[in-house]
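Got the viewer open? Here is a walk through the model, one selection at a time.

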Amino acid sequence: MEFFNNVGGDSSKPSLFELIAQEQLRDLLQPALKYVLSVFAQRYPRYLLRIVNRYEEFYTFIMLFVERHYLRTHNASFAENFYGLKRRRRPLIEPERAKAAVGGVFEEEKLRDREIRRSLVLLVGIPYLRSKAQDYYEDLGGGIDPEILDENANSRHIRALTDQSFKGRCRRAFKAAYPWLNMSWELWLLAFDVAYLFDRTPFYRPWLSWVGVDLRRLGMDDYREAALIAQRNTNSPARSKSAFTLMRRFLLRSPRLLLDSLKVALPLAIFFVKFLEWWYSPSSPARSLMTSPLGPPVPPPKLLPSHPQGLQIDGAQYGQCPLCRGAIANATALPSGYVFCYRCAYEQVQKEGRCPVTFLPARLWELRKVLV
């Protein structure tokens, strides 16, 4: 990476590898946070299940405040600031002092409200629309093997394929056009990456010209100015030293301190996510502790018979949820021993308070995840 830091005459211009790295970091934040919330939602479903079900909106709301803070404070998004980059309001004519300086700080280059609003639309709004479009495409059966869509699959996929109304035709048109649109989007971005790599354009993304900014490396002047601002905020004289004033100052500064601490908390969060993946993996010590090393393994108990008025599972196939008749997602066992999808089991127990097959009473805290 160091070899590419000084390629060309402009030493403040970031290399393509730095820009791709910060973009990959931004793309990894959403699935990492979703994985952590999903793990904790299995233990505290009453508080976190609704957030997991509306995760795209929750993540967009959080990132709106995070990106707005970093754009106003550091003239960069969270991922750009993490990799030592900043956004500069691009002048119509490049001044000579800006070309000669390494990371110089000029007032006319700082982001204004217009650039911040446009940056938020592209940093938060466009990823949200793309994630919703991908989810809708998958709901319509995109990327799913047609053999799964048999006559027993009571889902939106069958309706999307057979509905002859205007909405049905729009769904089928979207399902057919989305892969091509997505591929065209990726090729468009790849073309700009190649053009930026060979200095054919100053923007590695096409929409940066519409925002009116370009990306630069942070220099010594930028770090010095940030240190002076932090020292000024820390050593600011207090007019009153009462407990109420100190508490008020702490409450006003705590959101900013929390957002600035994300640069340190991010590596810890990534380590925590990797630890959870290892702990719940099939070869983790968590599974070895569940088996007794002494004596032969204990045989599983006999399956309880179904209630005469309960759900009949005679025709259910292996790996199929008896409630939704689909493939079991996040297998969860009730105290009766029957396994369902986690969402199906949670809704059934929350509504009825019993197993739908045996009618035995069940509580939400009695749901157990099945490791497969």
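Start by selecting helix 2 (45-53) and helix 14 (residues 342-352). Helix 2 goes past helix 14 in a left-handed crossing; a crossing is left-handed if the near helix is turned anticlockwise from the far one by less than a right angle, and right-handed if clockwise. Their axes come within 13 Å and cross at roughly 130 degrees. Axes here are lines fitted to C-alpha atoms, for helices over the stretch in contact, and angles run from 0 to 180 degrees between N-to-C directions. Helix 2 and helix 14 are therefore oblique to each other (angles under 35 degrees count as roughly parallel, over 145 as roughly antiparallel, 65 to 115 as roughly perpendicular and the rest as oblique).

Now show side chains: Pro45, Arg46, Leu49 and Asn53 of helix 2 make the contact with Tyr342, Arg343 and Tyr346 of helix 14, where contact means heavy atoms within 4.5 Å. By class, this contact has 4 nonpolar, 1 polar and 2 charged residues. For the classes, Ala, Val, Leu, Ile, Met, Phe, Trp, Tyr, Cys and Pro count as nonpolar, Asp, Glu, Lys and Arg as charged, and the others, Gly among them, as polar.

A quick word on what you're looking at: this is a predicted model, in which local features need pLDDT of at least 70 and side-chain atom pairs count only at pLDDT 80 or more, while totals for chains, interfaces and linings use all residues. Residues are numbered from 1 along each chain as its sequence is written, and side-chain values use heavy atoms, with hydrogens and water left out.

Stay on helix 14 a moment. Which of its residues are buried? They are Tyr342, Cys344, Ala345, Tyr346, Gln348 and Val349 (buried means under 20% relative accessible area, exposed over 50%, partly exposed in between, with a 1.4 Å probe and protein chains only). These buried residues pack against helix 1, helix 2, strand 3 (331-333) and strand 4 (339-341). Step past the end of helix 14 and you land on Gly353, whose phi is positive, near 70 degrees.

Zoom out for the overall picture. The protein has 14 helices and 5 strands; helices (H or I, at least four residues) and strands (E, at least two) are DSSP runs, numbered from the N terminus. Of its 372 residues, 31% count as buried. Among contacts between residues at least 6 apart in sequence, 58% join residues at least 24 apart.

Next, select helix 3 (residues 55-74) and helix 6 (residues 113-139), which pack at an angle of about 160 degrees with their axes 10 Å apart. That makes helix 3 roughly antiparallel to helix 6. This crossing is right-handed. On the helix 3 side, look for residues including Met63, Leu64 and Leu71; on the helix 6 side, partners include Ile116, Leu120 and Leu123. The residues of this contact divide into 8 nonpolar, 3 polar and 8 charged.

Keep helix 6 and add helix 8 (166-197). The axes of helix 6 and helix 8 come within 10 Å and cross at roughly 135 degrees, so the two are oblique to each other. Their crossing is left-handed. Ile126, Tyr136 and Tyr137 are among the helix 6 residues in the contact, and Phe174, Tyr178 and Trp185 are among those from helix 8. Here the split is 8 nonpolar, 2 polar and 4 charged.

Follow helix 8 along to Asp193. Is Asp193 buried or exposed? Buried, with a relative accessible area of 11%. Leaving aside neighbours within four places in sequence, Asp193 is in contact with Leu16, Tyr204 and Arg205.

Hop into the loop between helix 8 and helix 9 (208-211) to find Pro206. At 11% relative accessibility, Pro206 counts as buried too. Not counting residues up to four places away in sequence, Pro206 touches Trp188, Leu189 and Phe192. Pro206 and Phe192 are 14 residues apart in sequence and 6.9 Å apart in space, C-alpha to C-alpha.

Last stop: the largest nonpolar core, where Leu19, Leu71 and Tyr204 touch the most other members of the 17. Such a core is a set of buried Ala, Val, Leu, Ile, Met, Phe, Trp, Tyr and Cys residues joined through side-chain atoms within 4.5 Å. Helix 6 gives the most to this core, with 5 residues.
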